[in-house]
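The following exercises are to be worked with the sequence and the coordinates at hand. Each task is followed by a solution in steps.

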Amino acid sequence: MPTDRNDVTIVEFTMDDYPVVHVLWQRGDLWMRPSDGPEGTQLKLARDPALFLVAHDAGGRVVGTVMGGWDGRRAYVYHLAVLPERRRQGVADALMDELEERFRVLGALKAKTQILVDNEPSRAFFSRRGYLHEQDCEPWGKELVDGGAPPGG
Ligand SMILES: CC(C)(COP(=O)(O)OP(=O)(O)OC[C@H]1O[C@@H](n2cnc3c(N)ncnc32)[C@H](O)[C@@H]1OP(=O)(O)O)[C@@H](O)C(=O)NCCC(=O)NCCS
């Protein structure tokens, strides 16, 4: 069900959105991974279709996106991005309000995200929404296949 707010409509991502969303991720300087290709994106969509959201403006243009994950224990936020010319207009807040509500409906008690250490806009955004920089844990990872994502992916 689309949600209208702040002149944007939040809807679920479909693979038709992929070319535009991929450019949006790149314009947002997100740390792109092999899993951001069409096959990886399709896998993610199949896993959590109701948590992969896009924001449309009044003309139907994609102006922002966020990808949520729910594994039955934790909710994760990935690849929140807004078109540079549409920032500071509440688009990311609208996407996150919708995503967090969907997390709650699923039974999630906590949401987590990863922020690159020098990404001050993102730190400011998530901090304002009540996310805390948790310093008692650090992310660890292992590549499961040759040519998998580099550390952090
Ligand atoms: C981070 C990002 C998603 C925020 O999107 P946005 O639509 O501009 O955010 P909003 O307009 O909803 O901002 C809500 C509040 O967050 C804070 N905020 C957002 N951007 C900020 C910035 N650049 N500097 C300081 N505070 C900021 C403000 O408190 C803002 O409220 P205000 O505009 O009334 O002051 C956007 O800057 C972006 O796409 N960045 C590139 C991609 C990225 O880094 N994504 C995060 C990956 S972890």
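**Exercise 1. Determine the sense in which S4 and S5 pair, and the number of bridges between them.**

Solution. Step 1: strands are DSSP runs of E with at least two residues, helices are runs of H or I with at least four, and both are numbered from the N terminus. Step 2: two strands pair if DSSP finds at least two bridges between them. Step 3: S4 and S5 are joined by 6 bridges and run antiparallel. Step 4: within this pairing, Thr-65 stands opposite Ala-81 in S5. Step 5: the two strands form a hairpin with 4 residues between them, where Gly-72 has a positive phi near 95°.

The model is a predicted one: local features require pLDDT of at least 70, side-chain atom pairs count only at pLDDT 80 or more, and totals for chains, interfaces and linings use all residues. Residue numbers start from 1 along each chain as its sequence is written.

**Exercise 2. Trace the strand pairings of S3 and locate the turn of its hairpin with S4.**

Solution. Step 1: strand S2 (residues 8-12) is joined to S3 by 4 bridges, in the antiparallel sense. Ile-10 faces Ala-55 of S3 in this pairing. Step 2: on going to S4 (residues 62-70), S3 has 5 bridges, again antiparallel, and Phe-52 stands opposite Met-67. Step 3: the hairpin of S3 and S4 has 5 residues between the strands, and Gly-60 in the turn takes a positive phi of about 90°. Step 4: Gly-60 counts as exposed because 8 other C-beta atoms lie within 10 Å; by the criterion used, 20 or more such atoms within 10 Å make a residue buried, 12 or fewer make it exposed, and counts in between make it partly exposed, with C-beta atoms placed from the backbone. Step 5: Gly-60 and Ala-46, 14 residues apart in sequence, are 24 Å apart in space from C-alpha to C-alpha. Step 6: S3 itself (residues 52-56) is mostly covered, with 4 of its 5 residues buried.

**Exercise 3. Is His-79 buried or exposed, and what is the sign of its phi?**

Solution. Step 1: His-79 belongs to strand S5, which is mostly covered, 6 of its 8 residues being buried. Step 2: His-79 is counted as buried because it has 21 C-beta neighbours inside 10 Å. Step 3: most residues other than glycine have a negative phi. His-79 departs from this sign, with a positive phi of about 50°. Step 4: S5 also pairs with strand S6 (residues 111-113), in parallel and through 3 bridges; Tyr-76 has Lys-112 as its bridge partner in S6.

**Exercise 4. Classify Arg-88 and Gln-89 by exposure.**

Solution. Step 1: Arg-88 is placed in the loop between S5 and H3, and Gln-89 lies in the loop between S5 and H3 as well. Step 2: Arg-88 has 9 C-beta neighbours inside 10 Å and is therefore exposed. Step 3: Gln-89 has 17 such neighbours and is therefore partly exposed. Step 4: the phi of Arg-88 is positive, near 60°. Step 5: Gln-89 and Val-8 are 81 residues apart in sequence, while their C-alpha atoms are 10.0 Å apart.

**Exercise 5. Compare the span of H3 with its expected value.**

Solution. Step 1: the expected span is 1.5 Å times one less than the number of residues. Step 2: the 16 residues of H3 should therefore span 22 Å, and the 23 Å between its end C-alpha atoms agrees. Step 3: the buried residues of H3 include Val-91, Leu-95, Leu-99 and Phe-103. An α-helix has 3.6 residues a turn, so residues three or four places apart point the same way. Step 4: Gly-107 follows H3 and has a positive phi near 105°.

**Exercise 6. Which elements give two or more residues to the shell around the ligand?**

Solution. Step 1: a residue is near the ligand if its C-beta atom, placed from the backbone, lies within 6 Å of it. Step 2: 20 residues surround the ligand, and the closest are Gly-28, Arg-87, Ala-92, Pro-121 and Ala-124. Step 3: the elements sought are strand S5 (75-82), helix H3 (91-106) and helix H4 (120-128). Step 4: H4 contributes the most, with 5 residues.
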